[in-house]
Structure formats: C-alpha cells, structure tokens
Amino acid sequence: MSNQQKKQASGSGSSSSVRGGTRLQDGGVVCYCGRDALVRQAWTDANPGRRFYRCGEGWKSACDYFRWPDVEPPSGWQKQALLEARDQLRLQAEELNTLRSRLASRGEEAENESTVELSEAVEKLKKENEALQVANHKLLEKKISLRQVYIVGCVGFVCGVVTLIQKMK
C-alpha cells in the first residue's frame with residue numbers, strides 16, 4: 001500500500017471515511033504493521049484538542065498509520081475556546097520558563113555572593129586562629145617560666161630550711 005493510499009485510508013487525506021486498522025477488544029486500534037496504535041492529541045489550529053491514532057512505532061515508522069477516531073473536526077465556539085486555552089497555556093509556559101531562568105540566574109548570583117562572603121569569613125577566622133595560636137604560645141612560654149621560677153623558689157626554700165636546721169643543731 002502506498003503512502004498516499006495509507007493516508008486516504010487512515011482519514012488524513014481528502015476522504016472523510018475512516019478505514020484501516022483493526023479494533024482490539026479493549027477499544028484500542030492496531031496499525032498496518034500490527035502494533036498497537038497510540039492515542040495522541042493534536043493542538044494545531046485546524047484540530048485543537050482532537051485525538052488521533054498513530055503507529056505505536058513512533059513518528060519514524062515505515063507503517064505511517066494515522067487516523068482520527070471521530071469523523072468531524074472541531075468547529076464553532078468550542079474550537080475557538082480550545083485555541084484560546086492552548087495559546088494561554090503556551091504564554092504561561094513561556095512566562096514560567098522566563099521566571100525559572102531569572103530565578104536560576106539570581107540563585108547563581110546569590111551563590112557567588114555567598115561564596116565570596118564565606119571566603120572572606122574563612123580568611124578572617126584563619127587570621128583570628130593565627131593570632132590565638134601566637135597568644136597561646138606566649139602563654140605556654142609564661143607558664144613554663146613561672147613553673148621554673150616556682151621550682152627554683154621551692155628548691156631555694158628547702159635549701160634555706162635545711163641550712164637553718166643544721167645551724168640549730
């Protein structure tokens with residue numbers, strides 16, 4: 001079957017009849033290549049919200065199966081309402097993407113600012129740490145010196161007491 005014949009049989013050509021495909025017991029459709037056809041939804045200006053069957057193999061299928069489950073295309077105020085709703089959804093999706101982009105760029109800016117602030121805080125803490133280490137080292141030196149003075153003083157006291165005791169004997 002040629003592609004033109006397939007298109008006409010599936011209802012996408014000028015013919016209004018819908019032929020081709022086999023209905024499954026659960027209401028599904030089998031395409032020309034024997035796979036289950038997938039139900040899709042069109043959002044074109046001519047067919048907003050209209051569902052159709054497409055080969056289950058995907059758009060690059062050799063089968064090229066396509067058909068509308070309904071005979072009449074949308075029309076009137078319902079078609080207009082669907083087109084307006086589709087356009088509104090597209091505008092909202094664009095606005096959402098714009099807001100997400102802005103949020104992401106602000107997040108990066110805030111992250112960069114916080115990284116700089118954190119780096120500055122780390123440097124400040126490093127300097128304070130160095131100053132505290134120097135002060136601690138000085139205190140340790142004083143502690144050692146005081147301990148030496150205490151030991152010398154204790155030894156001197158003991159020597160003085162021993163000398164006094166020996167003189168009293």
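Contact here means heavy atoms within 4.5 Å. The model is predicted. By that cut-off, R86 touches W43, T44 and D45, leaving aside residues up to four places away in sequence. R86 itself lies in helix α2, which spans residues 76-168. Its relative accessibility is 9%. Buried means under 20%, so R86 counts as buried. With D45 the link is also polar: the side chains of R86 and D45 make a polar contact at 2.6 Å.

Aromatic rings were examined next. A pair of such rings is described by the distance of the centres and the angle of the planes. The structure holds 4 aromatic pairs. In one of them, the ring centres of F52 and F66 are 5.0 Å apart. Their planes meet at 35 degrees, so this pair is tilted. The pair links distant parts of the chain. F52 belongs to strand β4 (residues 48-54) and F66 to strand β5 (residues 66-67), with the two positions 14 residues apart in sequence numbering. Both F52 and F66 are buried.

F66 also pairs with W68. This pair is edge-to-face, with 5.1 Å from centre to centre and 85 degrees between the planes. Relative accessible area is 14% for F66, which is therefore buried. W68, at 11% relative accessibility, likewise counts as buried. F52, F66 and W68 form one aromatic cluster.

A charged group adjoins this cluster at W68. The charged end of R50 sits over the ring of W68, 4.0 Å from the ring centre.

How values were computed:
Residues are numbered from 1 along each chain as its sequence is written. This is a predicted model: local features need pLDDT of at least 70, side-chain atom pairs count only at pLDDT 80 or more; totals for chains, interfaces and linings use all residues. Side-chain values use heavy atoms; hydrogens and water are left out. Helices (H or I, at least four residues) and strands (E, at least two) are DSSP runs, numbered from the N terminus. Buried means under 20% relative accessible area, exposed over 50%, partly exposed in between (1.4 Å probe, protein chains only). A polar contact is a pair of N or O atoms within 3.5 Å; within protein, one must be able to donate a hydrogen and the other to accept it, and residues adjacent in sequence count only if both atoms are side-chain atoms. Rings of Phe, Tyr and Trp (its six-membered ring) pair if their centres lie within 6.5 Å; planes under 30 degrees apart count as stacked, over 60 as edge-to-face and the rest as tilted. A charge sits over a ring if NZ of Lys or CZ of Arg is within 6 Å of the ring centre and within 35 degrees of the ring normal.
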